[in-house]
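Biologist: Please pick one part of this structure and go through it closely. I would like the helix geometry, the packing and the charged pairs around it in one connected account.

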Amino acid sequence: MLRQRIITVAWLAPLVLVGLFGLQGGAFALFTALMVLLGAWEWTNLAGVIRQRQRVQLVAGLAVLMLLMWLIGAAFAVWPLWCAALGWLVNLYWVTHYPEKGQQWQSTPRRLAMGLWVLLPCWVGFNILRDSGGVWLLFVLLLVWAADIGAYFAGRRFGKRKLAPRVSPGKSWEGVIGGLVATTLLALGFAFWQSLTPGVAVGLVVVTIIVTLISVLGDLLESMLKRYRDIKDSSQLLPGHGGVLDRIDSLTAAIPLFALLYLPVLQGQVPVL
């Protein structure tokens with residue numbers, strides 16, 4: 001398993017980095033659309049769609065919708081980000097009330113609808129952040145990585161109080177605090193690097209705290225869906241790592257929410273790469 005994980009990272013990491021930071025415009029949108037569509041393929045399974053033909057049709061329909069959004073300019077619009085904000089409030093309610101409120105979302109059509117407000121705004125957020133340059137896209141990626149690392153070590157060392165034992169028994173409140181400490185330090189480092197004014201730097205820290213918490217929710221949401229479907233990984237597409245959703249679950253929440261909050265707080269304050 002370790003050998004598989006290393007081999008996968010060896011070819012996947014350079015590909016992802018080139019795609020995210022080497023491409024721009026339509027090429028970047030196409031690259032991230034492919035990532036999201038792979039995630040959508042896995043989401044159809046989480047939604048309980050078993051027949052391969054139906055899964056292909058659903059993913060193809062999403063691809064057509066994304067193409068239409070690109071053609072009319074909605075791939076850079078703010079309204080999908082607001083849809084994400086409202087959708088994640090609903091997701092928060094369902095995660096915190098699992099399994100009591102499960103009947104509200106467990107039907108296949110509702111889980112598919114949930115996938116729309118999770119995946120489509122993530123793609124739009126990618127486009128908006130890349131269009132502004134590479135700095136803040138890099139920041140969100142590092143934020144999710146730092147939150148995971150901080151939570152892992154703090155949880156192992158201090159973890160006692162369970163965060164959501166019925167959804168993901170391994171997560172603790174101490175881990176969340178460790179992740180917040182790590183991402184706050186990251187935000188302060190970026191504020192210094194980008195020479196942000198004190199007011200904008202404080203705004204970045206506040207945004208970082210909010211997005212860190214919402215990234216945890218992204219992880220918990222996928223855990224809830226997998227628990228309901230009684231599966232360990234969203235797929236076996238990435239040997240040793242599970243599926244695409246297993247790698248981007250936190251990003252599906254962090255990317256659109258950071259892009260939404262980025263616009264009023266940070267836009268025009270940072271250089272474009």
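Modeller: Helices here are DSSP runs of H or I with at least four residues, strands are runs of E with at least two, and both are numbered from the N terminus. The model is a predicted one.

I start with helix H7, residues 173–193. The helix has 21 residues, and at 1.5 Å a residue these should span 30 Å; the end C-alpha atoms are 30 Å apart, so the two values agree. After H7 comes serine 195, with a positive phi near 55°.

Next, the packing of H7. Its buried residues include Glu174, Val176, Leu180, Thr183, Leu186, Ala187, Phe190 and Ala191. Three glycines, Gly175, Gly178 and Gly179, are buried in H7 as well. An α-helix has 3.6 residues a turn, so residues three or four places apart point the same way. The buried residues of H7 pack against helix H6 (135–158), strand S1 (162–164), S2 and H8.

Two of those partners, S2 and H8, are also joined to each other by charge. Aspartate 219 and lysine 171 form a salt bridge through their side chains, with 3.3 Å from N to O. Because aspartate 219 sits in helix H8 (residues 198–229) and lysine 171 in strand S2 (residues 168–172), this pair ties together parts 48 residues apart in sequence. The two ends differ in exposure: aspartate 219 has a relative accessible area of 17% and is therefore buried, the limit being under 20%. Lysine 171, at 23%, counts as partly exposed.

Further along H8 there is a second group of charges. Lysine 226 and glutamate 222 meet in a salt bridge of 3.9 Å, N to O. Both residues belong to helix H8 and are 4 residues apart, about one turn of the helix. Both are buried.

Lysine 226 has another partner: its side chain meets that of aspartate 246 in a salt bridge at 2.9 Å, N to O. This pair links distant parts of the chain, with lysine 226 in helix H8 and aspartate 246 in helix H9 (residues 244–265), 20 residues apart. Aspartate 246 is buried, as is lysine 226. Glu222, Lys226 and Asp246 are thus linked in a network of salt bridges. Over the whole structure, the search finds 6 salt bridges.

To put the region together: H8 packs against the buried residues of H7, is tied to S2 through aspartate 219 and lysine 171, and is linked to H9 through lysine 226 and aspartate 246.

Terms used. Residues numbered from 1 in each chain as written. Predicted model: local features only at pLDDT ≥ 70, side-chain atom pairs only at ≥ 80, totals over all residues. Heavy atoms only, no water. Salt bridge = Lys/Arg side-chain N within 4 Å of Asp/Glu carboxyl O. Buried < 20%, exposed > 50% of the residue type's maximum accessible area, 1.4 Å probe, protein only. Expected span 1.5 Å × (residues − 1). Contact = heavy atoms within 4.5 Å.
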